[in-house]
Every structure is written in C-alpha cells, then in structure tokens.
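Please open the model in your viewer and keep the sequence panel beside it. The tour below proceeds by selection, and each stop says what to pick and what is found there.

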Amino acid sequence: MSNIIDIFVPPKPRDLSEDETADCVPCQMMAFLFGVGGGLYFSSGRVFKGEKIGDNPMWWKYTVRTGGLAMIAYGAYRGGQGWLWDKDRVYKRLQ
Amino acid sequence: MSADHTRDPCPIVILNDFGGAFAMGVIGGCVWHGIKGFRNSPYGERRIGAISAIKARAPVVGGNFGVWGGLFSLFDCSVKAVRKREDPLNAIIAGFFTGGALAIRGGWKHTRNSAITCACILGVFEGVGMMFQRYMAWQNRPVAPILPDSGSPMGA
C-alpha cells in the first residue's frame with residue numbers, strides 16, 4: 001500500500017498514535033534533503049530561468065526566493081537536530 | 001488502535017511512491033508514445049518510428065509522474081505528521097501543495113489555480129473512493145437468514 005493507492009482506496013479515518021507520528025532518523029534525513037535541496041533551487045533563481053520578461057511580477061520572485069531561504073533554514077534546523085541541538089530527542093526505529 | 005503494518009512507514013513510502021509512479025509513467029508513456037509514433041511515421045518506418053518516440057518521450061512521462069508521486073507522498077506524510085490524523089483531508093491538502101509546488105514556475109495565478117484544481121480533483125477521487133467503499137459495504141452487509149415459518153400448521 002502507498003499514499004497514492006490510498007487516494008483510490010481511502011483508509012478509515014482515525015487518529016494516529018504517538019508511535020506512528022514519532023520522529024525517526026530517515027524522516028530527519030528526508031526533511032534535511034528536501035529542505036536544503038528545494039531551498040537551494042528556489043532561492044537560486046533557477047526557477048524563473050528562461051522566462052519571458054514580465055511573465056512573473058517581482059513580488060512573486062522575491063516570495064519564491066524568500067520561501068527558498070526559509071526552506072534552507074528549516075533543512076538546516078532538521079539536519080542538526082539530535083546531534084547539534086535538541087540532543088535529548090527520542091527517535092523511533094523503523095520496522 | 002494498533003499501528004498499520006501492511007505498509008511501509010512514512011519516509012520509506014515516499015521513495016516507494018516515487019518509484020511506483022515513475023514505473024507507471026514509463027509504462028503508460030511507452031504505450032501512448034508508441035502508438036503516437038507508430039501512427040505519425042510513414043509506411044515502412046512505423047516500427048522504428050514507434051521505438052524512437054518511446055525512447056525520446058517515455059522517460060519524460062515517467063519523470064513527470066515520478067515527481068508528482070514523490071511530491072504528493074512527501075506532502076501527504078508531512079500533513080499526517082502535523083495533523084496526527086489519517087483521513088481523506090490529508091490527500092486533499094497534499095494535493096493542494098503538490099499542484100501549487102509544481103506550478104510555481106508559471107507565476108502566482110498559475111500556482112493558485114493549479115493548487116486549487118489539484119485539490120478539487122483529489123477531493124473528487126477521495127469522494128468516489130469512499131462512495132464505492134460504502135456501496136461495497138452495503139452490498140456485503142450481513143443479512144439475517146430466512147427462518148421457516150414454524151407457526152403454520154403442517155396439515156392435520
């Protein structure tokens with residue numbers, strides 16, 4: 001089963017347990033990669049490379065760039081959790 | 001409620017969904033662009049035309065599907081982690097973010113419209129899925145057996 005199959009066969013609504021939503025090392029790595037990778041892409045300006053002049057307003061470009069910087073900050077925060085700060089963090093083991 | 005052990009846990013399922021969606025896109029792209037390349041090629045070169053079209057376009061379709069599936073799964077896991085609940089609203093919110101994220105290059109209006117459209121489409125899918133599930137449950141509902149009428153006289 002996957003999240004995509006769940007679109008067509010929706011699971012019964014339920015509250016997730018603490019164990020299911022607990023943080024894990026792969027979750028943290030994924031968040032770090034997504035945050036830093038996506039953030040670098042958005043903040044670098046490559047998003048709007050090759051566009052015609054005037055296609056996108058400046059405020060939108062600045063918003064996307066700022067969002068990219070926020071994503072980098074989030075990625076750095078998640079990447080350092082558990083060993084640089086927030087050292088008493090408890091992780092679940094994936095089975 | 002016990003944990004669901006029939007599926008991969010969340011960060012793994014993102015890779016799983018990315019690969020599954022990529023494979024689905026490649027297979028669909030092979031069929032689609034194979035037929036298209038075959039039909040658009042002159043007689044005598046139809047087979048090579050179909051193969052060329054598949055080689056050129058099927059990986060692109062697979063990549064597009066894969067990016068959509070991976071992003072959707074990533075947002076779905078994120079929404080689940082934040083809401084701490086599993087229900088159809090997760091997929092709708094994830095679809096909203098996915099549609100928006102994929103359309104950022106098109107500008108503000110394109111992003112907004114794409115996000116809303118994607119959320120609506122996923123809402124329809126979820127609604128149809130739930131309706132179908134309820135219909136199946138109604139069809140398979142337990143029915144009381146018909147008991148023989150013991151009060152009627154059996155003759156004399």
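A cavity here is a set of grid points where a 1.4 Å probe fits but cannot get out, and its volume is the space filled by probe spheres set on those points. The model is predicted, and the tour begins with its enclosed space.

**First stop: the cavity**

The structure holds one cavity of 30 Å³ or more, and the volume of the largest cavity is about 80 Å³. To find the place, select from chain A the lining residues Asn3(A), Asp6(A), Pro10(A) and Pro11(A), and add from chain B Asp76(B), Lys80(B), Glu86(B), Asp87(B), Pro88(B), Asn90(B), Ala91(B) and Glu126(B). Which helix gives the most to this lining? It is H3(B), with three residues, while H2 and H3 of chain B each supply at least two.

**Second stop: the nonpolar cores**

Next, select Ile4(A) and Ile7(A) together with Ala21(B), Leu71(B), Phe72(B), Phe75(B), Ala91(B), Ala94(B), Cys118(B) and Leu122(B), the 10 residues that make up the largest nonpolar core. Colouring chain B by helix will show that H2, H3 (88-102) and H4 (108-139) each supply at least two residues of this core, with the largest share, three residues, coming from H2(B). If you colour chain B by domain instead, you will see that domain 1 (7-85) and domain 2 (87-139) both give residues to the core, so it lies between them. Apart from this core lies another, of seven residues, including Phe42(A), Val47(A), Trp60(A) and Met71(A).

Ala91(B) is worth labelling, since this residue belongs to the largest core and is also among the residues that line the largest cavity.

Phe75(B), also a member of the largest core, deserves a selection of its own. Leaving aside its neighbours within four places in sequence, Phe75(B) is in contact with Phe34(A) from chain A and with Ala94(B), Phe97(B), Thr98(B) and Ala101(B) from chain B.

**Third stop: the cysteines**

Now show the cysteine side chains; how many disulfides does the structure hold over all chains? There are two. In chain A, Cys24(A) and Cys27(A) form a disulfide whose sulfur atoms are 2.0 Å apart; the link is right-handed, with 80 degrees about the S-S bond, and both of its cysteines are buried.

In chain B, a disulfide joins Cys10(B) to Cys77(B), with 2.1 Å from S to S, and this link is left-handed, with -100 degrees about the S-S bond. Cys10(B) lies in helix H1 (residues 10-39) of chain B and Cys77(B) in helix H2 (residues 46-83), so the pair ties together parts that are 67 residues apart in sequence. The two ends of this link can be compared by their accessibility: Cys10(B) counts as partly exposed because its relative accessibility is 27%, above the 20% under which a residue is called buried, whereas Cys77(B), at 9%, counts as buried.

Cys118(B), which you have already selected as a member of the largest core, is in no disulfide, and the nearest cysteine sulfur, that of Cys120(B), is 9.5 Å away. At 13% relative accessibility, Cys118(B) counts as buried. Cys30(B), by contrast, is partly exposed, with a relative accessible area of 29%.

**Fourth stop: a helix of chain A and its contacts**

Move to Met30(A), which lies in helix H3 (residues 25-44) of chain A. Not counting residues up to four places away in sequence, Met30(A) touches Pro11(B), Ile14(B) and Leu15(B). For a sense of distance within chain A, draw a line from the C-alpha atom of Met30(A) to that of Lys61(A): these residues are 31 residues apart along the chain, and their C-alpha atoms are separated by 26 Å.

**Last stop: backbone angles**

Finish with the backbone, beginning at Asp86(A), which has a positive phi of about 55 degrees although it is not a glycine. Asp86(A) lies in the segment after helix H4 (58-80) of chain A, and is partly exposed, with a relative accessible area of 30%. In chain B, select Lys84(B), which is likewise not a glycine and has a positive phi of about 55 degrees. Where does Lys84(B) lie? It is found in the loop between H2 and strand E1 (85-86) of chain B, and at 35% relative accessibility Lys84(B) counts as partly exposed.

Conventions:
Residues numbered from 1 in each chain as written. Chains lettered and ligands numbered in written order. Predicted model: local features only at pLDDT ≥ 70, side-chain atom pairs only at ≥ 80, totals over all residues. Heavy atoms only, no water. Disulfide = S-S within 2.5 Å. Buried < 20%, exposed > 50% of the residue type's maximum accessible area, 1.4 Å probe, protein only. Helix = DSSP H or I, 4+ residues; strand = E, 2+ residues; numbered from the N terminus. Core = buried A, V, L, I, M, F, W, Y, C linked by side-chain atoms within 4.5 Å. Domains from an automatic or database assignment. Contact = heavy atoms within 4.5 Å. 1 Å grid on protein atoms, 1.4 Å probe; cavity = no way out; pocket = protein on both sides within 12 Å on 5 of 7 lines; lining within 4 Å.
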